[in-house]
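Dear colleague,

I am passing on the structure that I mentioned, and it is shown just below. Please look through it once before reading on, as my notes follow after it.

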Amino acid sequence: MRYTRREIARLALTALPAATLLEHPFEALAQARRPNSVINGVHIGTITYSYRSMPDQSAEATLKYILESGISQIELMNGPAESFAGAPQGARGGGGGGRRGEPPTREQQAAQREAADRLKRWRTSVSMDRFKALRKMYDDAGVKIYAWKALNPNMSDEEFDYVFNVAEALGCTHTTLELPTDVAQLKRIGAFAEKRKIYAAYHTHLQGSMTAFDQAFAASKANMSNVDLGHYVAGTGESPIPFLRKFHDRISSVHLKDRQTPAHGAGNLPWGTGDTPLKEILQVMKKEQYMFPASIELEYDVPQGSDAVKEVAKCLDYCKGALAST
């Protein structure tokens, strides 16, 4: 029995095993359940980067991974979103030299420039209809897109408009990007965010600290934090809880992972085995009623016999356990 694209997408919403979907599609539809990853008032989500090791990176497959993990809200990477909307194939990839460690040839550099130009032309002319359809597909499945990641400080004004247009079409409260150090870039991004009434939330790696966002916050009231709490521990060797308490009103979302302090090797580990005070962080969010989402970001090595979907589900279970106690 053959299914239309719409019917296949609806089948995926059940987040049931593939055999059940194929053998009993209508029963599977009847059993469909909407996920709920709000735990005792704490909004747990994930960034879809967590599923980068999965074989299919389409928006439809990504939705299935999210549902199977039990997640109801996400930060969406640009790959699944733009491929769904019809971005030119190969234009979103990186590309490099012929062999590892070798610089790209002139021909490869030219191909990269052409791919970048092709993507820019597409971005500055594409209709928002497909992004609205993507939002509806996710909304119908019970998954809210609170942020998407595509913004780059070096984009043109037309590309900035595109990023914020997509954020609006997807229903995002903020768009995320890496934290720049150039004050002029921070002011320019902040001005766009203020105009569009959609926050620009900056992500940090090891540079995260109590003062890392000072320039961004000063440059615009629409500049917010998308601080990574695991990277914070690996970079400073300190708890990020003081940061949460001081800047909670300038946080759009946070990333959760379990990393070690520099003294212990700064490694990414399965949750509950590193130095990030995950349980305490979640308890503070519950007690203080912080409403910004906490995004699971899977970065530790996936164990043999498991996959990213199962590991994100384990991280969600950890959050449930951490938030069950007082």
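To begin with one detail, in which loop is the place of Asn40? Asn40 is found in the loop between strand E1 (38-39) and strand E2 (42-47), and although this residue is not a glycine, its phi is positive, at about 50 degrees. Please keep in mind throughout that this is a predicted model.

A second residue deserves a similar remark, since Ala266, which is not a glycine either, has a positive phi of about 60 degrees. Ala266 belongs to the loop between strand E9 (258-259) and strand E10 (268-269), and with a relative accessible area of 18% it counts as buried, because the cut-off for that word is under 20%.

As for the protein as a whole, it has 14 helices and 11 strands, and 51% of its 326 residues count as buried. Its exposed area comes to about 15600 Å², of which carbon and sulfur atoms supply 50%. If one takes the contacts between residues at least 6 apart in sequence, 73% of them join residues that are at least 24 apart.

The strands that I followed in detail are E4, E5 and E6. Strand E5 (residues 174-178) has four of its five residues buried, so the rest of the structure largely encloses this strand. Strand E4 (residues 144-149) runs parallel to E5 and is joined to it by three bridges, and in one of the pairings Ala147 has His174 in E5 as its bridge partner. Between these two strands the chain passes through H8, and the β-α-β crossover from E4 to E5 is right-handed. Five bridges join E5 to strand E6 (residues 199-203), and these two strands also run parallel, with Ala200 in E6 as the bridge partner of Thr175. Here the chain goes from E5 through helix H9 (residues 183-196) to E6, and this β-α-β crossover, too, is right-handed.

I then turned to the aromatic side chains, where the count comes to 15 aromatic pairs. One of them is formed by Trp122 and Tyr162, which meet edge-to-face, with 6.1 Å from centre to centre and 70 degrees between the planes. Trp122 lies in helix H6 (residues 106-123) and Tyr162 in helix H8 (residues 157-170), so this pair ties together parts of the chain that are 40 residues apart in sequence. Both Trp122 and Tyr162 are buried. In the pair of Tyr290 and Phe292 the ring centres are 5.5 Å apart and the planes stand at 20 degrees, so this pair is stacked, given that planes under 30 degrees apart count as such. Tyr290 and Phe292 are both buried as well. There is also a cluster, in which ring pairs link Phe213, Phe217, Tyr232, Phe243 and Phe247.

Finally, there are two places where the charged end of an arginine sits over a ring. Arg52 has its charged end over the ring of Tyr49, 4.0 Å from the ring centre, while the charged end of Arg130 sits over the ring of Phe84, again 4.0 Å from its centre.

With kind regards

Conventions: Residues are numbered from 1 along each chain as its sequence is written. This is a predicted model: local features need pLDDT of at least 70, side-chain atom pairs count only at pLDDT 80 or more; totals for chains, interfaces and linings use all residues. Side-chain values use heavy atoms; hydrogens and water are left out. Buried means under 20% relative accessible area, exposed over 50%, partly exposed in between (1.4 Å probe, protein chains only). Contact means heavy atoms within 4.5 Å. Accessible areas come from the Shrake-Rupley method with a 1.4 Å probe; for residues, only the protein chains shown count as cover. Rings of Phe, Tyr and Trp (its six-membered ring) pair if their centres lie within 6.5 Å; planes under 30 degrees apart count as stacked, over 60 as edge-to-face and the rest as tilted. A charge sits over a ring if NZ of Lys or CZ of Arg is within 6 Å of the ring centre and within 35 degrees of the ring normal. Two strands pair if DSSP finds at least two bridges between them. A crossover is right-handed if, with the strands pointing away from the viewer, the path from the first strand over the helix to the second runs clockwise.
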